[in-house]
Amino acid sequence: MTLPFTDRTWLWLAAGLYLAGFIQGSIALFKRGRPAGGATYALILLGYLAQLAGLGLRGRAVGSCPLGNAFELYQFTAWSAITLYLVVGATFRLSLLGYFTACLASTVTLVSLLFPSWDAGPRVRIFGHNPWIELHAALAVFSYGVFALLALTSLMFLLRHFSLKSKRLGGWFSFLPSIRDLDHMGVRLLAAGAAILGFAVAVGAVHWARPETVVNLEKVVVTVAVAGAAFLLLLLRLRGVLLARRFAVACLILYAAALLSLVTVEPGRGRVPARPAPAAR
Amino acid sequence: MSNGHLFVIGATHHRTPIEVRERLSLDADGTKALRDQLAALPGLREFTVLSTCNRIEFYGVAAGPEVAEQVGGAFCRRQNFDPAEFARFRIDLRDAAALQHLVEVAAGLDSQMLGETEIFGQMKQAYAAAQAAGNTGPVLNRAFQKAFQAAKQVRTQTAITTGQVSVANVAVELAGTIFGGLSDARILLLGAGEIGEKTAKAFQSRGAASLTVASRRLERAMELATALGASALPFEQRESRLAEFDIVVCATSAPEIILPGAAVRAAMARRPARPLFLIDQALPRDIDPTVAGLENVFLYNLDDLARIAEENRAAREAETLKGRTIAGDKARALWQQVAAQVNGAGAGPTVEPSRSAGAASVPESR
C-alpha cells in the first residue's frame, strides 16, 4: 500500500497534531481550569500515528532505521518519548503529563522541520548491513526519548514542589500527581534510560572493537559520557546523596545535555577509523 | 386545563435555624408513619419524603392546589409544630422550579457544605424507600432518575466538588498531594485534644496505614488510642522516634515548641528520601517554623490550612452559577417530558424554572 503523502508531509502533520494537543491542553488548563485528558491523549495518538507513517516511509526509503541526520535523530527522539507517554500516561492516568509531552514533542518536531539544512546534504548509510549497529543506534536514541519523559516528570516534580512549599495548591497545580509518585517515576525512568543507553553502548562497543570499523570518536565520547552521567545520577539518587528538588534539576540538565549531544552524534560527523586499517599496520 | 402540579415544600438550612430544624426533623419511624399518613391523603398522587439534618422536604405530584398545603399541615400536626411558624421558614416551589430544586439538591448545589456528596446518597435512599412503599409513580420515578443523572453531570462538568473545605480534610488532601495514597503512611498525633482527634479520624477514614498517639498525659493518649484503634507512644519519645512517621499532626496546648528544628533535621537525616508532612494545628505553634525550609519537609500551620479551606470554598462558590445553569437546562427539559402527566388531561404551560415560579413560593435565600 502506498501512503498518499511524502515522509515530511506526514511529519508536518504529526507536528501539527502535537501542537494542536498542546494548544487544546492550554485552553483546557487556563480557560476551563482542568487538563484536557482524553482529548489531548487522542491528538497525541493521532500525531504519533502520523509520525510513525512519516518515519516508516523515511525508513523504507533509506533501507534502515531513520537515524541518518540531525533531523531524523530529533524526530526519532520525540517519537520515542511519545511511545513511552502513550504507555505510561494511559497506565498512570497522568493527564498533565500529556500536556507537557505534547508541548515537548511539538517543539522538537517543529524545530527539526523548520531547519531544512538538518535534513539536507548527502545522507550517510551509517549501518551498512550490520543489524547490530542499527540496534545500537535505535536503542541509544530511544533512551534519549526516555530521558525526555524523565525531563517532563522532573519538571512536574519541580512544579509540585513549588506548589507545596509556596502553599499554592489550587488551579492547575491540583492536577499534578503527588510528589512521591513523581519522584518514584523519575527514578524508574532514569533507571530505564540508563539501562537502555548502557545496553546500546555495549552493543556499539562490540562493533567498535572490530578492526575494520570506522567510528566517530567524538560520538563515542559523548554517548559514553551521557550514559555515565545517567548512571552516576542514578547512583547518587539511590545512595540518598541527590534528592528531591536537586535530583529533579539534575535530571533536567541530563536531558538538556543529551539533547545537545545529538548534534555531535549526528552521523557523518568526523568519522575516523577506530584503529588503523590492516594495510597501514 | 387541570390544576395538577408537581411541588416541593419543606424547610432547609438556608432559612431555618438549627433549633427549628431539630424540631422538624424526622427519624426513620417518624418518616414511615408520616408516609403512611400522606399515602391516604386525597389528591396526592405521588410523593417522596427527604429528611436530613439540613432539610426536610416533600416532593409530590398533586391533583389540586390545596394538596401541598394539606401535606404541610399533616407534617406540622405530626411534629406539633405551628403551621404559621412553618410558613415563615417554608420553601414552596412548583413544576419546573421544583424540578430545578430537585437537581440542585441532588448535585450538592443546595447543601450547607457546597458540593458535598452525602446528600446524593441520602436522596437515593429516600427515593428507594418511597418507591418500595409504592409512593412514587411515573412522574417522580422519572424526575428522580433524571435528577440523579443531571446531578452527576453537574459534578463532572463543574468544579463544585473539588478542594476540601474543612481544615481536617484539607490536611488529608494535602497528604495526598505529597504521598499519593495513604495506605503506607504512618501518622503520629501529638496531643489528644478534639482538633487533633478530628484530623486523625480524617486520616483513618482515608485508609492511613497506622496511627500513633502521644500526649503529655500518657493515660489520655492511651484512652484516645484505644478509642481510635491506634497505638500510644510516651510523649518524651516523640523526637527520637520521629523518623518512623510520615505525617505528624501537632495539636497540643503546650506553650512552647515541642518539635524543635534539630529533632526534625535528625529525623530527616535518617530518612532523607521519604517526605515528611508536618501539620501544626496548635496555637502557640508546636513545630519550629524554620524546618519549612528543609528538603522533603512540608510544614503547614493552622493559618495555612484555614486559608486553603477558604480558597476551596470560594472556588466552589464560583462554580455554582455554572452548576445552576446546567440544573436549569435539565429541569426545563425534564419538565417538558413530564408536564403532560403532571397536569393530567393535557400538557400544561411550561413554567420557567425561576425561584418565583411557584404559586405560593417563598424563595430560598442563597
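Here are some questions and answers about how the terms used for this predicted model follow from its values.

Q: Why is helix α8 of chain B called oblique to helix α9 of chain B?
A: The axes of α8 (residues 167–179) and α9 (residues 194–205) of chain B cross at roughly 45°. Angles under 35 degrees count as roughly parallel and 65 to 115 as roughly perpendicular. The crossing angle belongs to neither class, and that makes α8(B) oblique to α9(B).

Q: How do you know that α8(B) and α9(B) are in contact, and which residues make the contact?
A: Two residues are in contact if their C-beta atoms lie within 7 Å. On α8(B) the contact is made by B:Ala168, B:Asn169, B:Ala171 and B:Val172, and on α9(B) by B:Lys198, B:Thr199, B:Ala202 and B:Phe203. The two axes come within 9 Å, and α8(B) passes α9(B) in a right-handed crossing.

Q: What makes up this helix contact by class?
A: The contact of α8(B) with α9(B) has 5 nonpolar, 2 polar and 1 charged residues. Lys counts as charged, so B:Lys198 is the charged one.

Q: What makes a set of residues a nonpolar core, and which residues have the most contacts inside the largest one?
A: The members must be buried, of nonpolar types such as Ala, Val, Ile and Cys, and joined through C-beta atoms within 7 Å. The largest such core has 125 residues, and those with the most contacts inside it are B:Ala175, B:Ile187, B:Val213, B:Val249 and B:Cys250. Helix α5 (residues 131–166) of chain A gives the most to this core, with 17 residues. Apart from this core lies another, of 53 residues, among them B:Val8, B:Ala98, B:Leu99 and B:Leu140.

Q: Which residues does B:Ile187 touch, leaving out those up to four places away in sequence?
A: B:Ile187 touches B:Ala200, B:Phe203, B:Ala208, B:Ser210, B:Leu211, B:Phe245, B:Ile247 and B:Val249. Of these, B:Phe203 also belongs to the α9(B) side of the helix contact.

Q: How many residues does each chain bring to the contact between chains A and B, and what classes are on the chain A side?
A: Chain A brings 14 residues and chain B brings 19. α6(A) gives the most to the chain A side, with 3 residues. By class, that side has 5 nonpolar, 5 polar and 4 charged residues.

Q: What share of chain B is buried?
A: A residue counts as buried if 20 or more other C-beta atoms lie within 10 Å of its own. Buried residues make up 46% of the 366 residues in chain B.

Note on methods. Residues numbered from 1 in each chain as written. Chains lettered and ligands numbered in written order. Predicted model: local features only at pLDDT ≥ 70, side-chain atom pairs only at ≥ 80, totals over all residues. Buried ≥ 20, exposed ≤ 12 C-beta atoms within 10 Å, placed from the backbone. Helix = DSSP H or I, 4+ residues; strand = E, 2+ residues; numbered from the N terminus. Axes fitted to C-alpha atoms, helices over the stretch in contact; angles between N-to-C directions. Parallel < 35°, antiparallel > 145°, perpendicular 65-115°, else oblique. Left-handed = near helix turned anticlockwise from the far one by under 90°.
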